[in-house]
Amino acid sequence: MELRTLRSFLAVAQEGNVTRAARQLHITQPALSRQLSELEREMGCELLVRESRGVTLTEQGILLRKRADEIVSLADRAERELRAPSAEVEGDVWVGGGESRAMAHVAQVAKSISTKHPGVCLHIHSGNGADVIERVDKGLLDFGIVFGDTPNRRYESLQLPHEDRWGVLMRHDHPLASKESLTLEDLRNERLVVSGEGSALTEGSPTMFQGLASEGFDIAATYTLLYNASLLVEAGMGLAVCFDGIVAAGEGTPFAYVPLTDVSASSAYLIWKRFQPLSRACELFLHGMREVCAASEQ
């Protein structure tokens, strides 16, 4: 399986048309069709359904598209890193994380690096815990920001000087909006929108959804990223149990935010693959994050 063939397959999958993909790749349509047929023979399955108006992916084709995208992305990253001149630190740093003020530490380090080493480019991937961990495992992210208990031993980790505190996002006209604080029991008769994310990062740590659902709370919906959940709240679907400081609340907004007093704060960790060689740009980023943590302890 050649990178050239995978790039051709991805172009066809994106365009949904062999002729347009051939034009994009600057090759002839018959040559591209031969590449696709050879790829299908190599894979031992049909990847495309050929129709008069274009092509669609089979189930196997959808799977290959995902894997091919990962392979091509890793190859491109390796090429950029190997071509970087030795005299100056250049390259890419890929960081993933969910919505949290912990990302402010990433921003602080990125700004410092950008000032001294303008050839270093930071890429931020937003996703829930399971998505971030999967991408770290596959090498698509250099680092992940995750929350909860101490990460398991598959990862190196650095605890960040930040804790996310739980509370409730609601419409400002809700009866509970005037409260200074709430407990989970105050939510017993409310419809809730809660985080449904799960991950393999920690062992035996239930998600917010699992915990509340098992206690008989009324779960109206689950979310992975809070902005979409805030639209459900604004529409009157329920109250969102979430981290503080992610969606603006208070005067001039549709929302009120009330902290929960009986839910423990979630610690934030920077993780990366154990025994994973780091590029010079990534080592620079990790050094900066360690300095931020050390400064907070003084």
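What follows is a chat between a visitor and a guide about a predicted model of a protein chain.

Visitor: Let's get oriented. How many helices and strands are there in the protein chain?

Guide: Keep in mind that this is a predicted model. Its C-alpha atoms fill a box of roughly 70 × 55 × 40 Å along the principal axes. As for secondary structure, the protein chain has nine helices and twelve strands.

Visitor: What share of the 298 residues is buried?

Guide: Buried here means under 20% relative accessible area. Out of the 298 residues in the protein chain, the buried ones make up 42%.

Visitor: Of the contacts between residues at least 6 apart in sequence, what share joins residues at least 24 apart?

Guide: Start with contacts in the protein chain whose partners sit at least 6 apart in sequence. Then keep those joining residues at least 24 apart, and you are left with 74%.

Visitor: On to the N-terminal helices. Are H1 and H2 parallel or oblique to each other?

Guide: H1 covers residues 3-15 and H2 covers residues 18-25, and their axes are 8 Å apart. The packing angle is about 130 degrees, and the crossing is right-handed. Roughly antiparallel would need an angle over 145, and roughly perpendicular runs from 65 to 115. The two helices are therefore oblique.

Visitor: How many charged residues are in the contact of H1 with H2?

Guide: On the H1 side you have Ser8, Ala11, Val12 and Glu15, which meet Val18, Arg20, Ala21, Gln24 and Leu25 of H2. By class that contact splits into five nonpolar, two polar and, for the charged ones, two.

Visitor: And H2 with H3: oblique or perpendicular?

Guide: The axes of H2 and H3 come within 9 Å and cross at roughly 105 degrees. Angles of 65 to 115 count as roughly perpendicular. So H2 and H3 are, to each other, roughly perpendicular.

Visitor: Which residues in H3 meet H2?

Guide: H2 brings Val18, Thr19, Ala21, Ala22 and Leu25 to this contact. In H3 they meet Gln29, Leu32, Ser33 and Leu36. The contact of H2 with H3 divides into six nonpolar, three polar and no charged residues. To repeat the H3 names, they are Gln29, Leu32, Ser33 and Leu36.

Visitor: Where does His26 lie, and is His26 buried or exposed?

Guide: His26 is not a glycine, yet its phi is positive, at about 60 degrees. It lies in the loop between H2 and H3. At 72% relative accessibility, His26 is over the 50% cut-off, so it counts as exposed.

Visitor: What about Glu40, buried or exposed?

Guide: Glu40 is found in helix H3, residues 29-43. Leaving out residues up to four places away in sequence, Glu40 touches Cys45, Glu46, Leu47, Leu48 and Arg50. With a relative accessible area of 13%, Glu40 is buried.

Visitor: How many disulfides does the structure hold?

Guide: Take two of the cysteines: Cys45 is partly exposed at 25% relative accessible area, whereas Cys242 is buried at 1%. For the structure, the disulfide count is zero.

Visitor: How do H5 and H9 sit, perpendicular or oblique to each other?

Guide: H5 (residues 103-116) and H9 (residues 280-297) pack with their axes 9 Å apart, at an angle of about 125 degrees. H5 passes H9 in a right-handed crossing. Since 65 to 115 is the range for roughly perpendicular, H5 and H9 are therefore oblique.

Visitor: Which residues of H9 make that contact?

Guide: From H5 come His105, Val106, Gln108, Val109 and Ile113. The contact of H5 with H9 has seven nonpolar, three polar and no charged residues. The H9 side is made by Leu284, Phe285, Gly288, Met289 and Val292.

Visitor: Glu180 and Leu260: how many Å apart are they in space?

Guide: Glu180 is found in the loop between strands S7 (166-171) and S8 (191-195), and is exposed with a relative accessible area of 75%. Beyond residues up to four places away in sequence, Glu180 touches Val258 and Pro259. Glu180 and Leu260 are 80 residues apart in sequence, and C-alpha to C-alpha they are apart by 9.4 Å.

Visitor: Last one: which residues is Ser230 in contact with, leaving aside its neighbours within four places in sequence?

Guide: Ser230 lies in helix H8, residues 226-234. At 3% relative accessibility, Ser230 counts as buried. Its contacts outside that sequence window are Leu169, Val247 and Phe255.

Key. Residues numbered from 1 in each chain as written. Predicted model: local features only at pLDDT ≥ 70, side-chain atom pairs only at ≥ 80, totals over all residues. Heavy atoms only, no water. Axes fitted to C-alpha atoms, helices over the stretch in contact; angles between N-to-C directions. Helix = DSSP H or I, 4+ residues; strand = E, 2+ residues; numbered from the N terminus. Parallel < 35°, antiparallel > 145°, perpendicular 65-115°, else oblique. Left-handed = near helix turned anticlockwise from the far one by under 90°. Contact = heavy atoms within 4.5 Å. Nonpolar A, V, L, I, M, F, W, Y, C, P; charged D, E, K, R; others polar. Disulfide = S-S within 2.5 Å. Buried < 20%, exposed > 50% of the residue type's maximum accessible area, 1.4 Å probe, protein only.
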